[in-house]
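Here is a friendly walk through some strand pairings and charged contacts. Have the coordinates open beside you as you read.

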Amino acid sequence: MAQKQVAGPEIERLIQLLAKLPGLGPRSARRAALHLIKKKDQLLVPLSEAMGIAVRDIGICSVCGTVDTSDPCTICSDDKRDPSVLVIVEDVSDLWALERAGAVNARYHVLGGTLSPLDGVGPDDLNLASLIDRCGAPEIQEVILAISATVEGQTTAHYIMDQLGHLDVHVTKLAHGVPVGGELDYLDEGTLAQALKARTRF
Ligand SMILES: [Zn+2]
C-alpha cells in the first residue's frame, strides 16, 4: 500500500533539502523542518533571510581561496597579520579551527582538498598554482603545512614541498598532538595551538 501524504510538497522539499546537510539523516531532517516551521518568526524567517544574503554576497577569495563576503577576504586584507608567514590548509573549516585556536597571526592558503589519485583528485583540481606564485613573493619566509596526518594529506604535503624546493622559504609542519589519520577540524583548540607552536622543519 502506498504511503499516505502527510503534508504538501513544499514541506517535503524542505525536509529533503535539510536531509542533505552533513550530520542530518531523514529523521533528524524531519525534526529540524518541523522545528523551523513551528518557530517561523524566530527561526525560519531570519534563516531564510541569512541564506538569501549568503547566496547574494558570499564568494571565494581570489587570493587565498577562503569564503567571505569581500574579495580579497577579511584575513587577506588585514594588515595587522604577519606578512612573512603563510599557513596552508586543506579546507576552510581548518582555517576556522586555527583561527579559533588563535595560535598564529598570519595569512592562509586554502587548497580545497587533498591529492587523491584513487579518487581522481590531481594537482589541477586543487588551489595549487596560485600557492606557488604566492610563496615566491619576497616577503614570505615561512610556509606552515597545517595539513591532516592522513595518507592523502601527507601525499599533498610532499607534493607541495617538492614544488617549493627551489624557493628560499622555511617549510614547517604541525608537531605533536595531531593524531595519525586525524583531521584538523576535529581537534580541540588547545591541541591545535600546541601543534602549531611546536611545528618542525618539513
Ligand atoms: Zn583571502
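In this predicted model, L145 stands opposite K173 of strand β6. That match belongs to a parallel pairing between β5 (residues 142-145) and β6 (residues 170-173), which runs over four bridges. Helix α6 (residues 151-164) joins these two strands in a right-handed β-α-β unit.

On to the next strand: β6 also pairs with β7 (residues 200-201), this time in the antiparallel sense and over two bridges. K173 turns up here too, with T200 as its bridge partner in β7.

Now for the charged side chains. Side chains of opposite charge can pair when their charged atoms come close. Searching the whole structure gives four salt bridges, among them the following:

| Pair | Closest N to O distance |
|---|---|
| D57 and R56 | 3.0 Å |
| R81 and D78 | 3.2 Å |
| E99 and R81 | 2.9 Å |

How are D78, R81 and E99 linked? They form a network of salt bridges. Within it, R81 counts as buried because its relative accessibility is 10%, under the 20% cut-off. D78 is partly exposed at 24% relative accessibility, and E99 is partly exposed as well, with a relative accessible area of 27%. E99 lies in helix α4 (residues 92-101) and R81 in the loop between β2 (67-68) and β3 (85-89), so their salt bridge ties together parts that are 18 residues apart in sequence.

As for the pair of D57 and R56, R56 is exposed, with a relative accessible area of 61%, while D57 is partly exposed at 31%.

Definitions and conventions: Residues numbered from 1 in each chain as written. Predicted model: local features only at pLDDT ≥ 70, side-chain atom pairs only at ≥ 80, totals over all residues. Heavy atoms only, no water. Pairing = 2+ DSSP bridges. Right-handed = clockwise from strand over helix to strand, strands pointing away. Salt bridge = Lys/Arg side-chain N within 4 Å of Asp/Glu carboxyl O. Buried < 20%, exposed > 50% of the residue type's maximum accessible area, 1.4 Å probe, protein only.
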